[in-house]
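Please open the structure in your viewer and keep the sequence panel visible. The tour below proceeds from one selection to the next.

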Amino acid sequence: MFISRVEMPWLAVQNPYDIHRRLWSLFPGEAPESRQSVMEERHGFLFRMEDYQTGRPARFLVQSRRRPALVASIRELGCREFDPQPQLGQRLAFLLTANPIKTILDTEKDAKPGKRPNQQGQFKCRVPLIQEQDQRNWLIRRLVEAADIEAVAVLPHSPLYFRKGRQGGKLVTATFEGMLHVKAPDVLLQLLENGIGPAKAFGCGLLLVRRV
């Protein structure tokens, strides 16, 4: 895999909804994401916002299976190849920006005429987890098969507002930073390669680890 730092001008990324599409230009010919399960191999890339401030060039960390191409509108600040090989019992520091959510019955489905039920005939919707303990529990559940969490700090973020056509949207994210012990290296590797949780098109889900 490759890890790259790139920079884009503010005018190109004022709407967070456009960022993922613009980063796709680094991988010409890459097939659109088609996974039906989080356990399937991700074809595209993961990224996280490193610096995103109004009026300033935005910087992103991008993880991909292919080396990014050179694109005139995106400045590459650095790129290196790496091969993560987590070991059983290994102690690792981790960093993750994610979109912790829960799925509930949609009580407002009547106001959404285009909404379709799931395979069980239920109308569901996702809502963000706001309380820190709920966010911690969400992370524990996502990592439970791969690792035990020794310690974790949770940093909440201001809501991320975006536009999709004429529709507005809001995303609630948090950054988790701490220590873990590897108990299933193969499962952890899948999470490193494929990411954790929803909203990956908005810079969520990239799990970064390092030896300590």
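Select Glu50 and Arg5, whose side chains meet in a salt bridge with a nitrogen-to-oxygen distance of 3.0 Å. The model is a predicted one. Colour strand E1 (residues 2–8), which holds Arg5, and strand E2 (residues 45–51), which holds Glu50; the pair links distant parts of the chain, 45 residues apart. Glu50 is partly exposed, with a relative accessible area of 35%, and Arg5 is also partly exposed, at 44%. Side chains of opposite charge can pair when their charged atoms come close.

Now select Asp18 and Arg21. These two residues form a salt bridge whose closest N and O atoms are 3.6 Å apart. Is each partner buried or exposed? Asp18 has a relative accessibility of 19% and counts as buried, because the limit for buried is under 20%. Arg21, at 51%, counts as exposed, because that class begins over 50%.

Next, select Arg65 and Glu193, where the side chains meet in a salt bridge of 3.6 Å, N to O. Arg65 lies in the loop between strand E3 (58–64) and strand E4 (75–81), while Glu193 belongs to helix H4 (residues 185–194), so this salt bridge ties together parts that are 128 residues apart in sequence. Arg65 is partly exposed at 29%, and Glu193 is partly exposed at 23%. To see salt bridges that share partners, add Arg48 to Arg5 and Glu50: these residues are joined into one network. The count of salt bridges in the model comes to 10.

Turn next to the strands. Select E8, E11, E5 and E12, which form an open sheet in that order, with antiparallel pairing. Which strands stand at the edges? They are strand E8 (147–156) and strand E12 (207–211); each has a single partner strand, so one side of each is left without a neighbour in the sheet. From one strand to the next, the twist averages 20°.

Within this sheet, highlight strand E5 (residues 91–98) and strand E11 (residues 174–182), which pair in the antiparallel sense over eight bridges. Choose Arg91 and then His181 in E11, its bridge partner.

Finally, display the helices. Helix H3 (residues 132–143) lies across E5, E8, E11 and E12, and runs at about 145° to E8. Helix H4, already visited through Glu193, lies across E5, E11 and E12 and runs at about 130° to E12.

Notes:
Residues numbered from 1 in each chain as written. Predicted model: local features only at pLDDT ≥ 70, side-chain atom pairs only at ≥ 80, totals over all residues. Heavy atoms only, no water. Salt bridge = Lys/Arg side-chain N within 4 Å of Asp/Glu carboxyl O. Helix = DSSP H or I, 4+ residues; strand = E, 2+ residues; numbered from the N terminus. Buried < 20%, exposed > 50% of the residue type's maximum accessible area, 1.4 Å probe, protein only. Pairing = 2+ DSSP bridges. Axes fitted to C-alpha atoms, helices over the stretch in contact; angles between N-to-C directions. Contact = heavy atoms within 4.5 Å.
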